Amino acid sequence: MTVAAILSGKGHDIITARSDALLSEICETLAKHKIGAVVVSDDEGVVNGIVSERDIVRVIGTQGVSALKTPVSSVMTKTVVTCTEENNINEVMAQMTQGRFRHMPVLKDGKLTGVISIGDVVKFKIAQVELEAEQMRSYITMA
Ligand code: AMP
């Protein structure tokens, strides 16, 4: 199964922020959309970075709440690991586990087309296991 299967279920909604947005604004965005990370993008579809709740907790933990006035560009992760819709879900899961991050922007022709989280991946996997179990049950009862 590929990333396209996850995106066709959850949709292609992408929450982005500009690199000059303040961390306080990023917090508002995370809270409003009930998400854990925001892709930072200054040009349509281009990934400049990613910032997650972990980055914000870390900077507040070290610098205090005044850090909320700093622009996201100084806190975001600039080397972003991305995937495409054709990538295998198990490979994406392995990359997230190895890299210790829970979000991955999805690119199509080099442009942002979606974002998947480890939560989306796990939800998809559980649905797949349940479907297989159901198919196995009906196969057994038919026999
Ligand atoms: P997360 O587990 O997604 O909350 O992120 C943990 C750390 O990894 C934070 O420093 C994020 O900025 C960073 N991060 C999140 N997603 C990615 C990604 N796709 N590529 C690289 N770093 C990421």
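In this predicted model, a nitrogen atom of the ligand sits 2.8 Å from a polar backbone atom of Val81. Two side chains add oxygen partners to that picture. Asp55 places a polar side-chain atom 2.5 Å from an oxygen atom of the ligand, and Ser52 does likewise at 2.7 Å, again to an oxygen atom of the ligand. With these contacts in place, the protein covers 91% of the 480 Å² of accessible area that the ligand has on its own.

The shell around the ligand holds 15 residues, of which Ser52, Asp55, Thr77, Arg102 and His103 come nearest. By character, the shell splits into 6 nonpolar, 4 polar and 5 charged residues. As for where these residues come from, the elements giving two or more of them are β3 (49-52), α3 (53-63) and β5 (103-108). Ser52 thus belongs to the stretch listed as β3, and Asp55 to the stretch listed as α3, while His103 falls within β5.

Now for the sheets that carry those strands. One of them is an open sheet of 3 strands, ordered β1-β2-β3, and its pairing is mixed. Its edges are taken by β1 (16-17) and β3, each of which has a single partner strand, so one side of each is left without a neighbour in the sheet. β1 and β2 (residues 37-40) run parallel and are joined by 2 bridges. Here Ala17 has Val40 in β2 as its bridge partner. Helix α2 (residues 23-33) lies across β1, β2 and β3, and runs at about 125° to β2.

The other sheet is also described as open, with 3 strands in the order β4-β5-β6 and mixed pairing. β4 (83-84) and β6 (111-117) are its edge strands, each pairing on one side only. Between β5 and β6 the direction is antiparallel, and 6 bridges hold the pair together. Within this pairing, Pro105 stands opposite Val115 in β6.

Two helices pack on this sheet. Helix α1 (residues 3-10) touches β4, β5 and β6, with its direction at about 85° to that of β6. Helix α4 (residues 89-99) likewise touches β4, β5 and β6, and its direction makes about 135° with that of β5. Putting the pieces side by side, β3 is an edge strand of its sheet and gives two or more residues to the ligand shell; β5, for its part, sits between β4 and β6 in the strand order and also gives two or more residues to that shell.

Note on methods:
Residues are numbered from 1 along each chain as its sequence is written. This is a predicted model: local features need pLDDT of at least 70, side-chain atom pairs count only at pLDDT 80 or more; totals for chains, interfaces and linings use all residues. Side-chain values use heavy atoms; hydrogens and water are left out. A residue is near a molecule or strand if one of its heavy atoms lies within 4 Å of it. A polar contact is a pair of N or O atoms within 3.5 Å; within protein, one must be able to donate a hydrogen and the other to accept it, and residues adjacent in sequence count only if both atoms are side-chain atoms. Accessible areas come from the Shrake-Rupley method with a 1.4 Å probe; for residues, only the protein chains shown count as cover. Helices (H or I, at least four residues) and strands (E, at least two) are DSSP runs, numbered from the N terminus. Ala, Val, Leu, Ile, Met, Phe, Trp, Tyr, Cys and Pro count as nonpolar, Asp, Glu, Lys and Arg as charged, and the others, Gly among them, as polar. Two strands pair if DSSP finds at least two bridges between them. Contact means heavy atoms within 4.5 Å. Axes are lines fitted to C-alpha atoms, for helices over the stretch in contact, and angles run from 0 to 180 degrees between N-to-C directions.
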